[in-house]
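Open the model in your viewer and keep the selection panel at hand. The stops below go from the whole chain to a single helix pair.

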Amino acid sequence: MDIDTINWWVDHPTRDDSEEIENRFFDPIRNRIPEPITYNQLRQINIPEDPPATLDDLVEEFGIEILAYYIPFHFHRPDRPWGIYLRRVGIAHVRHRLVQIAGRDGYNFQNTLEIPTDVAVDILLLHELRHHAIEVVFARLELLGLGWNNAYQEYKETKRHDEVLHANTEAICNASVANQRKPFKTDYQPPRTPPPLPNHISYLDWRGYVRQFMRGQPGGYHDFAQFTGFTSEQVLQSLGVRVEQQVLHIDLPQIINELKKHSSLSILSSLPVPIRLV
Ligand SMILES: [Zn+2]
């Protein structure tokens, strides 16, 4: 899927989506939507503050959507533009949890707070990118002209009432985070130790800590481990796409390809999914 196809949806939006959680946090910024920023700009952000303590309970109750959210291009409106919204307090919260969890193993980020900040940003981005990739899958189905003209809207509406579909979706988005390697391998130099020898780089593998953080989230979200070994076909099946249908036979490889492509951070350089920091 390319930006022109997505722009078509942006010009012909479906009726407004009313996901409650997203709207709850959208309202305060409705009149001052910030400009999108690039992934590289995101790496330069400075979030000095600690998260409000009240956020802990909210995350346990509502999951990651309280920290970041995705507005689909199907439901784009000029005052509610599509893309990924990262909340500063959300990044601060994830970072705080990561520093706590890794701290139990003796890791200290007093002078290198940018390392857990980057990891926190990537966790939130990857979860929301998976929501984006799921929208692209349904958009592809709609474009096939095989009678699935409202596939995405139907999926969203079903998800609102069907707890299993909702839980599967969030677990699938967290599984996509859990399956990453590269973003979660960072440099790490313990403080107050002699400088490393030339050509010696210490790494820190965050994957275990990232999983531990996600296990503290509510039902669905914390069930990601059930989905990490899934094939793309199994992922689509869990989202209600009947991949076994003969009519899908020819298009399935392309759909799966798009699901993978749009779920990874590298999509941000080829198709700029708008990211806004709020
Ligand atoms: Zn989510």
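The tour starts with the overall fold and then moves inward.

**Whole chain.** Show the chain as a cartoon, bearing in mind that this is a predicted model. The cartoon should display 12 helices and 5 strands. The radius of gyration is 19 Å, close to the 19 Å that the globule rule gives for 278 residues, so the chain is as compact as a globular protein of that length. Aligned to its principal axes, the C-alpha trace spans about 65 × 40 × 35 Å. Of contacts between residues at least 6 apart in sequence, 76% link residues at least 24 apart.

**Core.** Colour by burial next: 35% of the 278 residues are buried. In soluble globular proteins, nonpolar side chains tend to be buried together. Here the largest nonpolar core has 64 residues, and Leu86, Leu124 and Val137 touch the most other members. Which helix gives the most to this core? Select residues 114-143: this is helix H6, which contributes 16 residues.

**Val137.** Centre on Val137 and show its contacts. Leaving aside residues up to four places away in sequence, Val137 touches Leu236, Val241, Ile255, Glu258 and Leu259.

**H5 against H6.** Add helix H5, residues 88-103. The axes of H5 and H6 are 8 Å apart and meet at an angle of about 120°, which makes H5 oblique to H6. The crossing is right-handed. To see the contact, select Gly90, Ile91, Val94, Arg95, Leu98 and Val99 on H5. On the H6 side, pick Pro116, Thr117, Val119, Ala120, Val121, Ile123 and Leu124. Leu124 is also one of the core residues named earlier.

Methods: Residues are numbered from 1 along each chain as its sequence is written. This is a predicted model: local features need pLDDT of at least 70, side-chain atom pairs count only at pLDDT 80 or more; totals for chains, interfaces and linings use all residues. Helices (H or I, at least four residues) and strands (E, at least two) are DSSP runs, numbered from the N terminus. The radius of gyration is taken over C-alpha atoms; the globule rule is 2.2 Å times the number of residues to the power 0.38. A residue is buried if 20 or more other C-beta atoms lie within 10 Å of its own, exposed if 12 or fewer, and partly exposed in between; C-beta atoms are placed from the backbone. Two residues are in contact if their C-beta atoms, placed from the backbone, lie within 7 Å. A nonpolar core is a set of buried Ala, Val, Leu, Ile, Met, Phe, Trp, Tyr and Cys residues joined through C-beta atoms within 7 Å. Axes are lines fitted to C-alpha atoms, for helices over the stretch in contact, and angles run from 0 to 180 degrees between N-to-C directions. Angles under 35 degrees count as roughly parallel, over 145 as roughly antiparallel, 65 to 115 as roughly perpendicular and the rest as oblique. A crossing is left-handed if the near helix is turned anticlockwise from the far one by less than a right angle, and right-handed if clockwise.
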